[in-house]
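Q: Hey, could you help me make sense of this structure? I'd like to go through it bit by bit.
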There are 2 protein chains.
Amino acid sequence: MKTIENEILMSKTECAGSLKNVIDAMYVLNGKWKLPVILCLVQSPKRFSEIQHEITGISPKVLSNELKDLELNYLITRKVYPTTPVTIIYEATEYSHTLKSLLNELSIWGEQHRKKIKEQ
Amino acid sequence: MKTIENEILMSKTECAGSLKNVIDAMYVLNGKWKLPVILCLVQSPKRFSEIQHEITGISPKVLSNELKDLELNYLITRKVYPTTPVTIIYEATEYSHTLKSLLNELSIWGEQHRKKIKEQ
DNA sequence: GTTAGTAGTTACCCAAAGGAAAGCGGTTAC
DNA sequence: GTAACCGCTTTCCTTTGGGTAACTACTAAC
């Protein structure tokens, strides 16, 4: 027989599995600049210096690291065009769109939480 | 006239607003142990030492800090029962359930991403 | 040949997060 | 009285993340 508790709560193993998933997700998206860079590139593909200008405050070292991390996770690609001099374009992958609903949820929650904190 | 780009992309201002919201959300949920503690308490209310035992690896100092942070953000409550000795129970608030769909999305994405990384 | 731009790398520094261990004030059991 | 448990706090230490600034290799323009 189902109780309210069964509906609301997870079992311990479900909880542990879910916890592992959440931690894995956070591991990929952690750091100060990952989500800003993704959002910046989802909007349109850009060059290194363009990203630097758009995301004010990020240093070239950190941007370089973030781009590498994101590429390793298949969220962006680095395309080299053999012009002279070479043109390098970073763009969000199709795979990065799997983050859309997550980013949406994060955005909604962040917004309503900010309001909640203000009013209290 | 709507183009495909209009459907997929956000405007710059929408993007900036969304980014701020996402950053705010991450600010509340950051750190290694916040989400584990929330999940642990959503499952059932618990005492300090019970949380310590369930979340292996967390030190009392860190747990103490996380509990305070979460309480400040109305995600858990600290209830003191005047037994002798006093019993202190931490429990997830009703408000913490606003995180449910977010945690769900995070869990789903984390799981599929782990699979994706493995297979490549 | 000097300046400027692109796409970074390298070296050094600092602050915050987190881990380890001990202690503390209270209570209960032996 | 002493050992043990609860709910922490304090101290100290290490790791990590991120910031600053300088520098490199290449190209193009003047």
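A: Sure! How many residues of chain A are in contact with chain B is a good place to start: 31 residues of chain A are in contact with 31 residues of chain B. Keep in mind that this is a predicted model.

Q: Okay, which elements of chain A give two or more residues to the side that touches chain B?
A: Those would be α2 (12-29), α3 (34-43) and α6 (100-119) of chain A.

Q: And which one gives the most?
A: α6(A) does, with 12 residues.

Q: What's that side like by class?
A: The side of chain A that touches chain B has 17 nonpolar residues, plus nine polar and five charged ones.

Q: Switching topic: what rotation superposes chain A on chain B?
A: A rotation of 180 degrees, with 0.0 Å of shift along its axis, and the RMSD is 0.1 Å. The two copies are therefore related as by a two-fold rotation axis.

Q: Which residue of chain A comes closest to the rotation axis?
A: That's A:Leu102, whose C-alpha is at 3.4 Å. Also, the same surface serves both copies, as 100% of the contact residues of chain A recur in chain B.

Q: Now the DNA. Which residues come nearest to DNA strand C?
A: There are 19 residues around DNA strand C, and the nearest are A:Lys61, A:Ser64, B:Gly31, B:Thr84 and B:Pro85.

Q: Which elements give two or more residues there?
A: From chain A, α4 (48-54), α5 (60-72) and β2 (87-92), and from chain B, α5 (60-72).

Q: And by class?
A: The surface near DNA strand C has eight nonpolar, seven polar and four charged residues.

Technical notes:
Residues are numbered from 1 along each chain as its sequence is written. Chains are lettered from A and ligands numbered from 1 in the order in which they are written. This is a predicted model: local features need pLDDT of at least 70, side-chain atom pairs count only at pLDDT 80 or more; totals for chains, interfaces and linings use all residues. Two residues are in contact if their C-beta atoms, placed from the backbone, lie within 7 Å. Helices (H or I, at least four residues) and strands (E, at least two) are DSSP runs, numbered from the N terminus. Ala, Val, Leu, Ile, Met, Phe, Trp, Tyr, Cys and Pro count as nonpolar, Asp, Glu, Lys and Arg as charged, and the others, Gly among them, as polar. A residue is near a molecule or strand if its C-beta atom, placed from the backbone, lies within 6 Å of it. Copies are superposed by least squares on the C-alpha atoms of residues with pLDDT of at least 70 in both.
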